[in-house]
Amino acid sequence: MPQSHSRIIAQLRQLVATPSVSSTDPGWDQGNRAVIDLLASWLGDMGFQIEIQNVTADGNKANLIATLGSGPGGLVLAGHTDTVPFDEGRWQSDPLGLAERDNRLYGLGSTDMKGFFPLAIAAASAFTAEQLKQPLILLATADEESSMSGARQLAAAGRPKARAAIIGEPTSLVPVRMHKGIMMESVRVTGRAGHSSNPALGNSALEGMHAVMGDLMAYRKELATRFSNDFFQVAVPTLNLGCIHGGDSPNRICGKAELHFDLRLTPGGDNATVRAEIQQRMQLLAAQRGLEIELRPLIADIGPFEQGAQSELVLLAEKLTGHTAEAVAFATEAPFLQQLGMETIVMGPGSIDRAHQPDEYLELDQIQPCIALLQQCIRHYCL
Ligand SMILES: [Zn+2]
């Protein structure tokens with residue numbers, strides 16, 4: 001095994017051993033700062049300029065922007081440093097201890113996506129700052145698995161800027177240029193409670209909700225006609241009525257009901273427009289029925305993502321991998337990096353089928369092809 005291989009394993013072992021769970025559940029949520037500090041020390045030793053951007057005021061969650069070379073243009077290699085929570089009892093080995101067996105590296109985040117960083121570092125180690133005509137930027141973010149607050153912070157700060165960005169989420173090294181967006185919304189219907197024996201004594205929020213649900217299902221059909229995209233395995237935007245709460249007793253007119261739904265829009269549509277249209281429809285129903293209907297987001301939304309088929313980065317990645325760029329069913333930080341003006345794709349080692357599971361692993365045979373691929377991209381954009 002070459003010397004770089006043992007360094008990759010050693011670095012991944014340290015990254016996996018440094019817990020950095022992000023979760024909307026405060027019982028699970030941790031900072032990622034220790035992972036950022038590890039990456040910063042390795043990249044600093046290699047001559048990268050280090051900038052740590054706090055995502056929380058205490059700096060416990062942070063992004064890293066590490067730059068080799070200088071000037072405009074260049075290439076960003078990006079990844080998130082957090083992992084999802086884990087169920088230790090369902091793992092065959094310690095999730096925080098990297099285990100090598102069956103030509104695989106097992107560990108929490110091995111594929112999603114701490115494993116990308118040692119490979120990006122190995123790829124970068126072939127270059128010196130003096131060689132680079134345009135900068136190579138390693139970007140490591142916080143909180144991708146929960147709020148995407150790290151990527152939102154970067155977009156707000158307008159940094160980093162380069163010509164192109166590759167996000168190393170697990171795609172088995174196949175270039176990905178499209179994914180759907182994610183919105184999660186609540187509809188709260190407020191009517192008037194009263195005794196069930198006389199409908200005139202109240203105004204049923206549940207019957208109002210029945211109309212709301214019918215309307216959302218009609219709107220879903222309309223979205224399918226407007227924004228169907230055969231690039232996706234599920235070609236249409238999805239709208240799932242996920243849960244509902246309301247009422248307290250059969251003999252009482254329901255005064256309040258609340259519905260939560262998720263909506264995953266294909267590229268071509270845009271979250272803000274869709275939310276405004278739903279808002280308008282809800283207002284119409286509210287006026288017709290004399291109810292109060294309030295629409296509000298449950299999470300900060302993620303936009304649908306599409307990088308043009310003819311863009312330089314997509315054509316380069318297709319040529320280097322021999323794969324036509326695809327669409328995936330998961331969301332990434334890509335729309336935020338694209339917002340910064342960079343051509344963006346998702347392309348990284350390991351399979352998404354292994355992510356968010358017990359016994360997550362990265363195949364050893366992904367390592368050298370990934371390093372070679374990243375080096376070709378660095379040569380194209382930075383030399
Ligand atoms: Zn991920």
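These exercises work through a predicted protein model with a zinc ion, each with its solution.

Residues are numbered from 1 along each chain as its sequence is written, and side-chain values use heavy atoms, with hydrogens and water left out. Because the model is predicted, local features need pLDDT of at least 70 and side-chain atom pairs count only at pLDDT 80 or more, while totals for chains, interfaces and linings use all residues.

**Exercise 1. The chain as a whole**

Task: State how many helices and strands the protein chain has, and what share of its residues is buried.

Solution:
- Start with the elements. The protein chain has 9 helices and 18 strands. Helices (H or I, at least four residues) and strands (E, at least two) are DSSP runs, numbered from the N terminus.
- Next, burial. Of 383 residues, 53% count as buried. Buried means under 20% relative accessible area, exposed over 50%, and partly exposed in between, with a 1.4 Å probe and protein chains only.
- Then the extent. Along the principal axes, the C-alpha atoms fill a box of roughly 80 × 45 × 40 Å.
- Last, contacts, meaning heavy atoms within 4.5 Å. Among those between residues at least 6 apart in sequence, 80% join residues at least 24 apart.

**Exercise 2. The zinc ion**

Task: Identify the protein donors of the zinc ion and explain why their arrangement is irregular.

Solution:
- List the donors. They are His 80 (NE2), Asp 112 (OD), and Glu 169 (OE) entered twice, at 1.9 to 2.6 Å from the zinc ion. Donors are N, O and S atoms within 2.8 Å of the metal (3.2 Å for Na, K and Ca); water is not among the atoms, so sites may look incomplete.
- Check the angles. The 4 donor atoms subtend 53 to 142° around the zinc ion, so the arrangement is irregular. Four donors count as tetrahedral if all angles lie between 85 and 135 degrees; four count as square planar and six as octahedral if opposite donors are over 155 degrees apart and all others between 65 and 115; anything else is irregular.
- Read the spacing. The donor residues follow H-x31-D-x56-E in sequence.
- Place two of them. His 80 is in strand E3 (residues 75-80) and Asp 112 is in the loop between strand E5 (104-106) and helix H3 (116-124), so the pair ties together parts 32 residues apart in sequence.
- Add burial. His 80 and Asp 112 are both buried.
- Look one bond further. The peptide bond joining Asp 112 and Met 113 is cis, with omega about -15°. Met 113 sits in the loop between E5 and H3.

**Exercise 3. Two packed helices**

Task: Describe how helix H5 packs with helix H6.

Solution:
- Take the geometry. H5 (residues 205-227) and H6 (residues 271-289) pack at about 145°, with axes 11 Å apart. Axes are lines fitted to C-alpha atoms, for helices over the stretch in contact, and angles run from 0 to 180 degrees between N-to-C directions.
- Name partners. From H5, the residues include Ala 211, Leu 216 and Tyr 219; those they meet in H6 include Ile 278, Met 282 and Leu 285.
- Sort by class. The contact has 10 nonpolar, 1 polar and 7 charged residues. Ala, Val, Leu, Ile, Met, Phe, Trp, Tyr, Cys and Pro count as nonpolar, Asp, Glu, Lys and Arg as charged, and the others, Gly among them, as polar.
- Follow H5 to Phe 227, which is in this helix. Phe 227 is buried, at 15% relative accessible area. Beyond four places in sequence, its contacts include Ala 235, Pro 237 and Leu 265.

**Exercise 4. Backbone exceptions**

Task: For Met 148 and His 356, decide whether each is buried or partly exposed.

Solution:
- Note the backbone. Met 148 has a positive phi of about 60° although it is not a glycine. His 356, also not a glycine, has phi near 60°.
- Locate Met 148. The residue is in the loop between strand E6 (136-141) and H4. Met 148 is buried, because its relative accessible area is 3%.
- Locate His 356. The residue is in the loop between strand E17 (343-346) and strand E18 (361-363). His 356 counts as partly exposed, because its relative accessibility is 48%.
- Add a cis bond. The peptide bond from Arg 159 to Pro 160 is cis, with omega near -5°. Pro 160 lies in the loop between helix H4 (149-157) and strand E7 (164-167).
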